[in-house]
Each structure stands twice: as C-alpha cells, then as structure tokens.
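Here are a few notes to help you find your way around this one. Keep the viewer open and follow along point by point.

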Amino acid sequence: MRTVNEIGRLALGAEEFETFFRTNEQRLYGTLCLVTGDSREAEELTQEAFLRLWERWDRVSVLDDPAAYLYRTAFNLFRSRLRRLYRAARRGIGLKPALDLSGEIDERVDLLAAVRTLPPRQRAAVIALDLLDLPSDKAGEILGVKPVTVRALASQARQALRARLEERDG
Amino acid sequence: MANVRTHLEQMRNHFAPRPGGFERLVARRDRRVRTQRVVAASVALALSAGLFVGLWNLWNVNPMPSSPGPGPDRGLTIQVGGSPVDVAMGEGSVWVATATDSSGRGNVVRIDPTGGRIVARIPLPEIGALTAAEGSVWVVNLRGGTVTRIDSATNEPTDVIDMPSLLYEVAEGDREFVPESIQSGFGRIWISTARGAVASIDPISDRAVLSAGDPQAILGGVATSRRWVWAWNVFEPPDAEVWRFSPESPEIEGIGVPDVVLDAAAGSAGLYLLHAETGDVSFISEAGQHSRLGSAGERANAIAALDSTVYLAAASGSIYAIDGLSGERRLLKHLPQEPIALAVAADGLWVTAGDGTVTEVVLGS
C-alpha cells in the first residue's frame, strides 16, 4: 500500500515525465527520421525509448541530463534493430524506407535523399556528431564503436553530403 | 561542414510526430503491463497443450539428416547468382537461398556437395533464412509471415505454413508473428521472430504452434542443441540475454550474457555466441554455465558449430575455426568477398558471399 507521500511523488513524477516527453518528442523523432530513413520506424523507436525511460524515471529524472539518456536509449534500440535490418538487408530483402517527403522543396529532397543513401553507420555517426553535437567518445559509446571510427564514419558521410550539395549548386 | 549541419537541423525540424504521442505512450505502457500478465499464464497453457506432441516426437526421434561425406580438397566456388542470404546443409545437399531482387523474390539453389554441381533452382516469390531437415527444406517468408516447405525428394514446394498469432500486441491490433530465423531440432522446425517469440512446426501436420514469448524481447535467432531450444535477444548489457527451454517444458530460463549477441550456433555441448563488433565468441554449456571462449579478432558476420568446433566468417573474408575447448583459433581460408552466411556438417563447410558465390571449405585442411 503506497503512502500519501509516495502517491504524491509518483503524481509529480508523472507530470514531470509528461513535460519531459512534450519537450523532447519532436527533436528525438526528427533525429530518428534522419537516422532510420523511415517515419514508422522513427515513431516506433521514439515511443519505445520514452517508454523505457518512463519505466526508470525515478532514477533518470535525477541525472544531470535525462535527454542524453533518452538519446542513448534510442540509439541503442536503433542499433539493435539495425543489426536485424542489416541481416535482412544483406539478405537482399529490402525493407524500403517510408519517409513522406510530400511538400518538400527540392534542395531538402536532394540532401535528404543523399542522407538516406548513406550506409546506416555513416548516417548515425554524422547525425550524432553534427546534429546532436556529441563528442566523439560519447558518440562512440552510443554507436558501439571507437571514437576514431565515429570520426572516420562522419567524415565519410560529410564528404558524400558535401559532394551532393556541390553537385546541386554547381 | 556548417552547411551540412545547418541542413541536417533544418531537415530534423521539418519532421513532426503524429499528434497524440503522449496518449499513445500511455496506452503502450498499459498494454505492456497487461500483456506481461497474460503471457505468463498463456504461454504455460500453450506449452502444456504442445507437451503431448513434443513427447511423441521425442519418442520417435528422427535420425540426424544425412551429411555430405568427405570429399577431396577441392575448395569449390560455385556461382549461384543473385544475393545469397543463407546457406544450409542437410538432406544430402547444400541449399543456398539467394535473392534475385530487392522485392524479396529469389531461388533456393540445390548443390550436390560431392561434385559441386547445381542440381536444382527452385524459384520462390519470397526468400529468406532456411534449414534442411525432416525430408524437406523450410524457407522463411518474412513479409508473408509464413514458412514455405519444399520436398527434398522432388524439389517442389508442398506447403506454405502460416505462423500463429502472437499472444500479445506489438502495436495496436498487430499480433503478427514475423518469422526471421529458422532451425530444426527434436523432430520439429523452430522459428523465431524479432517480436519476442519462438514457434515450432510439426512436420507431420505442418501446423505451427507458439512455444515461448516475451513482448519486451527482440530476438535475434533460434538454435537447438542436444537438450535445449535456444533463442537470444539483440540487446545491450545488462539486458543482453539468451533463453533456453526444453521442447517439452513451458519454462524459459533466461541467461544474462555480458555482450551483445550477433549470432549463435549450437554444438554438441551447448551454445556458442558470436558477439557483435568484436568477433568474440563465448559459450553457454548445456548446464547453463557461461564462459568466454576465443575470438576472430575482428568483426565477424556469421557463426556455425559442429561438435565442439566453432566456425566464424569474418567481415574481412577470413574463415576461422575455433576449438570449443581450448579457444585456439585457426585460419581455414580467406575469401576475396565479405561472407554472408555459413553452414557446416561433417567435413564440409560452405560459405556464401555477396558476389553470388558459395564456397566450400574442406575441414581438416
């Protein structure tokens, strides 16, 4: 039987979590759209990452940066699914991305198409470093590779994206 | 770099989640709590119902499928075409599943291992992982949610078997068992889904039943050893876990492992685990004891086991054998292309690669 204080704490925790969710949902979802190239997959990962955080909210809420924990959880889930998708993709069974680009202006479509053609690890690396501003050691932890590997992957990704930008502008 | 970052930020800001995200999250949480309770009771009931079938099949254990006999040291490489996705040995042949396009269509290519001759190409509307046992070749259809059975005597598909619905929802209204990995054992065909469940097919009735499930698990594959059925998840520690259960019992034992499992293979004494980026191999004995064994020393794509020897296909193209007792590693062969999958039996090891080839590695070389 919970005490009044515990119930009050739980209620406050639920409100805090809802605020956290509403503050971070779009940014995480948008990031995962770029990483996965699939809006359905991005929504699934977003929901699952938040749910896992919610299950641990009493411990996560007292961390300095709960959002970092959220992104780490989301990327870990992405890596787990990526390994499945990697095996399926290597088996030639294409799980085609379903990103809705209706209404997009041309330049964004081009670059987004370029992002989507990047190998998943390059995509995740450039997003982790350039979009999420993570230091390479943190990005490496999240992606499960060495920091030097993250930097190399991101560098390869940037070269490919820059080439696409120059091609479009040229 | 600034341009790239600016564009990435703009693109990210463009994507808006569907309205009602928090409400969906609440429903998801409530559903998970409810289904955890349902699963505990329902899995026990389902497994009890399958107990008689399991006992009957154990009583009438079929002998191991015939393995290709030892051959000369030929190191055959055969062009099967398409993109090979899996390879299996059994029913006297080597079987390669190869995709011919990204829609999932493909062929099962049958190879006579003694001569390296392609005996048959069996077209299928959807190709996936496969196993050869019980007089047939069984091919997973990931998109279709079914398993195709091919008679090894005629090379003709004889059945398309529906997978059972999950006992829980993975999304609203979605209970689909999406089959991914397949393996034979105990007179049945075992299939796992990343959606957290294992099912098995009775080759006499072609009926599939659920065997184990957990809505929170994302399973990476299934294997069978002398006493156990095994499945493993794809999570990071501390959630990385291997299941084992007896085909006659509803009880699942979860064994925590210290590293992410990429793939696994059963040998005579237990289950060998291949860990993702490191190429490390660890071992869980039939008694459930986990220990580190050895390593490819580089990223590896696939693992197979025969008796107490483990075979690894490294991403570099190197094919290794690791002694299951000492952990000693030996390079068997180096392929020019990155390997995709491998299968082993008796003196034969066959490896598929992305260039549409399957290569024989004669054991003992």
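1. A quick definition before we start: two strands count as paired if DSSP finds at least two bridges between them. With that in hand, look at chain B, where strand S2 (residues 83–90) is joined to strand S3 (residues 93–99) by seven bridges, and the two run antiparallel. Bear in mind throughout that this is a predicted model.

2. Zoom in on the turn between those strands. B:Gly90 has B:Ser93 as its bridge partner in S3(B). The hairpin of S2(B) and S3(B) has two residues between the strands, and B:Glu91 takes a positive phi there, near 55°.

3. On its other pairing, S3(B) is joined by six bridges to strand S4 (residues 106–112) of chain B, again running antiparallel. If you want a landmark, B:Val94 has B:Ile111 as its bridge partner in S4(B).

4. How many of the residues of S3(B) are buried? Seven of seven, so to speak a mostly covered strand. In general, side chains in a regular strand alternate between the two faces of the sheet. Here B:Ser93, B:Trp95, B:Ala97 and B:Ala99 point one way, while B:Val94, B:Val96 and B:Thr98 point the other way, and all are buried.

5. Staying in chain B, have a look at B:Asn141, which sits in strand S7 (residues 136–141). Is B:Asn141 buried or exposed? With a relative accessible area of 4%, B:Asn141 is buried, because the cut-off for that is under 20%. The side chain of B:Asn141 makes a polar contact with the side chain of B:Thr148, at 2.9 Å. Leaving aside neighbours within four places in sequence, B:Asn141 is also in contact with other residues, including B:Glu126, B:Val160 and B:Pro179.

6. Now over to chain A and helix H7 (residues 136–143), where A:Ser136, A:Ala139, A:Gly140, A:Ile142 and A:Leu143 are buried. These residues cover an arc of only 165° around the axis, which puts them on the same side of H7(A). Right after the helix comes A:Gly144, with a positive phi near 75°.

7. Next, the aromatics: there are 12 aromatic pairs over all chains. Take A:Phe17 and A:Phe50, whose ring centres are 6.3 Å apart with the planes at 80°, so this pair is edge-to-face. A:Phe17 belongs to helix H1 (residues 4–36) of chain A and A:Phe50 to helix H2 (residues 39–55) of chain A, so the pair ties together parts that are 33 residues apart in sequence. Both A:Phe17 and A:Phe50 are buried.

8. A:Phe17 has another partner worth finding: with B:Phe22 it forms a tilted aromatic pair, 6.4 Å centre to centre and 45° between the planes. This pair crosses between chains, going from helix H1 of chain A to helix H2 (residues 21–49) of chain B. B:Phe22 is buried, just as A:Phe17 is. Colour the wider group too: ring pairs link A:Phe17, A:Phe20, A:Phe21, A:Phe50, A:Trp54, A:Trp57 and B:Phe22 into a cluster.

9. Finally, two arginines in chain B that lie over rings. B:Arg244 is over the face of B:Trp228, at 4.0 Å from the ring centre. B:Arg329 is over the face of B:Tyr320, at 4.8 Å from the ring centre.

Definitions and conventions: Residues numbered from 1 in each chain as written. Chains lettered and ligands numbered in written order. Predicted model: local features only at pLDDT ≥ 70, side-chain atom pairs only at ≥ 80, totals over all residues. Heavy atoms only, no water. Helix = DSSP H or I, 4+ residues; strand = E, 2+ residues; numbered from the N terminus. Buried < 20%, exposed > 50% of the residue type's maximum accessible area, 1.4 Å probe, protein only. Polar contact = N/O pair within 3.5 Å; in protein donor to acceptor, adjacent residues only side chain to side chain. Contact = heavy atoms within 4.5 Å. Arc of directions from axis to C-beta. Phe/Tyr/Trp six-rings, centres within 6.5 Å; stacked < 30°, edge-to-face > 60°. Lys NZ or Arg CZ within 6 Å of the ring centre and 35° of its normal.
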